[in-house]
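Biologist: Thanks for sitting down with me. Could we go through this structure, with the reason behind each label?

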Amino acid sequence: ADLFQLVRYGVVGLLSNMAGYLVYLLVTWLGVDPKITVTLFYPLGATIAYYGHARYSFAYQGGHLSGFARYVITHVCGYLLNVGSLYLFVDIIGYPHQLVQFVNIFAVAVFLFLAFKYFAFPNQRG
């Protein structure tokens, strides 16, 4: 069951993150700072992905108000991880933001999967 759950999470995440990364590249190419771009688009992408993760990835059967509240807390942590990584690796160390954000997609995804499974959508079926 965990493998299928991981696959479902990956499908939802891949679709939403591919679209989000392309928007990120476009907006930063237009001259917007990478951290501002993430700040603007991260909440939008997370909100859109909520129903895919709650219903499809984790088959969550609990109340949506409490599930969404835990989902938001989880994503605030994911956002801080993302922006903190951009600050450290781009602003301090000097790596290209495109590469750092690409790696962040996967690093934050691992964090989010575990946080969704054990915190945001606990005791789920599937």
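Modeller: Happy to. K117 and D2 meet through their side chains in a salt bridge, 2.9 Å from N to O. Before we go on, this is a predicted model: local features need pLDDT of at least 70, side-chain atom pairs count only at pLDDT 80 or more, and totals for chains, interfaces and linings use all residues. Residues are numbered from 1 along each chain as its sequence is written, and side-chain values use heavy atoms, with hydrogens and water left out.

Biologist: Why is the pairing of K117 and D2 called a salt bridge?

Modeller: The term asks for a side-chain nitrogen of Lys or Arg within 4 Å of a carboxyl oxygen of Asp or Glu. K117 and D2 are 2.9 Å apart, N to O, so the label fits. K117 lies in helix 4 and D2 in helix 1, so this pair ties together parts that are 115 residues apart in sequence. A helix here is a DSSP run (H or I, at least four residues), numbered from the N terminus.

Biologist: What makes K117 buried or exposed?

Modeller: Buried means under 20% relative accessible area, exposed over 50%, and partly exposed in between (1.4 Å probe, protein chains only). K117 has 10%, so it is buried. D2, at 48%, counts as partly exposed.

Biologist: Which residues form one network through salt bridges that share partners?

Modeller: Let me build that up from its pairs. K35 forms a salt bridge with D33, with the closest N and O atoms 3.5 Å apart. D91 forms a salt bridge with K35 at 2.8 Å between the closest N and O atoms. Because these salt bridges share partners, D33, K35 and D91 are joined into one network. K35 is buried at 19% relative accessible area, whereas D33 is partly exposed at 31% and D91 is partly exposed at 40%.

Biologist: How do you know whether the protein is as compact as a globular protein of its length?

Modeller: The protein has 4 helices and 0 strands. Its radius of gyration is 15 Å, close to the 14 Å that the globule rule gives for 126 residues, so the protein is as compact as a globular protein of that length. That radius is taken over C-alpha atoms, and the rule is 2.2 Å times the number of residues to the power 0.38.

Biologist: How much of the protein counts as buried?

Modeller: Of its 126 residues, 39% do.

Key
Helices (H or I, at least four residues) and strands (E, at least two) are DSSP runs, numbered from the N terminus.
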